[in-house]
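Hi everyone, thanks for making time today. I'd like to walk you through a structure, so please have a look at it on the screen.

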Amino acid sequence: MWNREQRGDIRRKYNSRPNNRRETARRKITRGKITRRENTRRGSARRKFVRCAAVISGAAAFIIIICALISTLLGKPPEVPQSELPQINIQQKLLKKNQYSRPGKALRKVRGIVVHYTANPGTDAVANRNYFNNLEEINKDREKKIYASSHFVIGLEGQIVQCIPLDEIAYASNDRNSDTISIECCHPDKSGEFNKATLTALKELVTYLCIKYHLSTEDIIRHYDVTGKLCPLYFVEHEDEWNSFKEEIGRTIRE
């Protein structure tokens, strides 16, 4: 027979055994509570993420709308329709697309007109246009490549030849290629002074472009004003003649 001490040990061992059913139930309840808490936390995190995404999307849309409004208010009006522009005779002889003179890059906003001279006395508009057009061939044998062109070339007899579409950039005005129309002018001698026919055509073309793109005389510049290059030479060396030229354009625009 077991004595009292042995019976007590047996009772304690029996009482220390877990009740499998109750323990299993308790564990299930505990796991359920943990699962519910985790689901609650996940749901809360998901809702916060959705709210944050909505706020960010709304803020981005607001910024885009504000930028569009500012651009509209500060930008220049759309260009004037062709039917409302002054009559002008332009010979369109577009260059073939190539990397050296007509890269085909978009000119999205016209903010100025840059006047140049060819620095090639006695040559005419078509000859200078052809030079631009042949640069791909000319550059084949050159280590240092030439990149050059212009939207327009005005000849010694006042003919206006267009080389580049007005919605594409030309390689003429360095840092201002991206937002300006360029005009090369032929000249009879090394002084760089334009003859009467060339100067008259230049005034007509600049006036036409100013009206077309809502530009003022402040938007008419020389290549010299972009880089410091002596171009157009005569207008750089005779500042008063340049100012008179712009004043005449201004009067015509206001009429």
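Let's begin with Glu137 and Lys140, which form a salt bridge with their closest N and O atoms 3.2 Å apart. Keep in mind as we go that this is a predicted model. Where does this pair stand in terms of accessibility? Glu137 counts as exposed because its relative accessibility is 51%, and Lys140 counts as exposed at 57%.

Now, that pair is one of six salt bridges in the count. Another joins the side chains of Asp179 and Arg176, at 2.8 Å from N to O. Here Asp179 is buried, because its relative accessibility of 15% is under 20%. Its partner Arg176, at 25%, counts as partly exposed.

A further one is the salt bridge between Arg222 and Asp225, where the closest N and O atoms are 3.0 Å apart. Is Arg222 buried or exposed? Arg222 has a relative accessibility of 3%, so it counts as buried. Asp225, with a relative accessible area of 39%, is partly exposed. And there is a third member to mention: through shared partners, salt bridges join Arg222, Asp225 and Glu239 into one network.

On to charges on the surface. Asp189, Glu193, Asp240 and Glu241 gather there in a patch of negative charge. Where does Glu193 lie along the chain? Glu193 is in the loop between strand 5, residues 180–185, and helix 5, residues 196–212. With 38% relative accessibility, Glu193 is partly exposed.

Next, the cysteines. How many disulfides does the structure hold? The number is zero. Take Cys186: the nearest cysteine sulfur belongs to Cys185 and is 7.7 Å away, and Cys186 is in no disulfide. A disulfide needs the two sulfur atoms within 2.5 Å, so a separation of 7.7 Å does not qualify. Cys186 is also buried, with a relative accessible area of 0%. Cys231 is in no disulfide either, and for Cys231 the nearest cysteine sulfur is again that of Cys185, 9.0 Å away. Cys231 counts as buried too, at 2% relative accessibility.

Let me finish with the chain as a whole. Its secondary structure comes to eight helices and six strands. Reading from the N terminus, the order of elements is α-α-β-β-α-α-β-β-β-α-β-α-α-α. Of the 255 residues in the chain, 35% are buried.

That's my tour. Thanks for listening, and I'm happy to go back to any of these spots on the screen.

Definitions and conventions
Residues numbered from 1 in each chain as written. Predicted model: local features only at pLDDT ≥ 70, side-chain atom pairs only at ≥ 80, totals over all residues. Heavy atoms only, no water. Patch = residues over 30% accessible without salt bridge, like charges linked within 9 Å, V, L, I, M, F, W, Y side chains within 5 Å. Areas by Shrake-Rupley, 256 points an atom, 1.4 Å probe, with all protein chains shown as cover. Salt bridge = Lys/Arg side-chain N within 4 Å of Asp/Glu carboxyl O. Lys, Arg positive; Asp, Glu negative; His and termini not counted. Charge placed at Lys NZ, Arg CZ, Asp CG, Glu CD. Helix = DSSP H or I, 4+ residues; strand = E, 2+ residues; numbered from the N terminus. Buried < 20%, exposed > 50% of the residue type's maximum accessible area, 1.4 Å probe, protein only.
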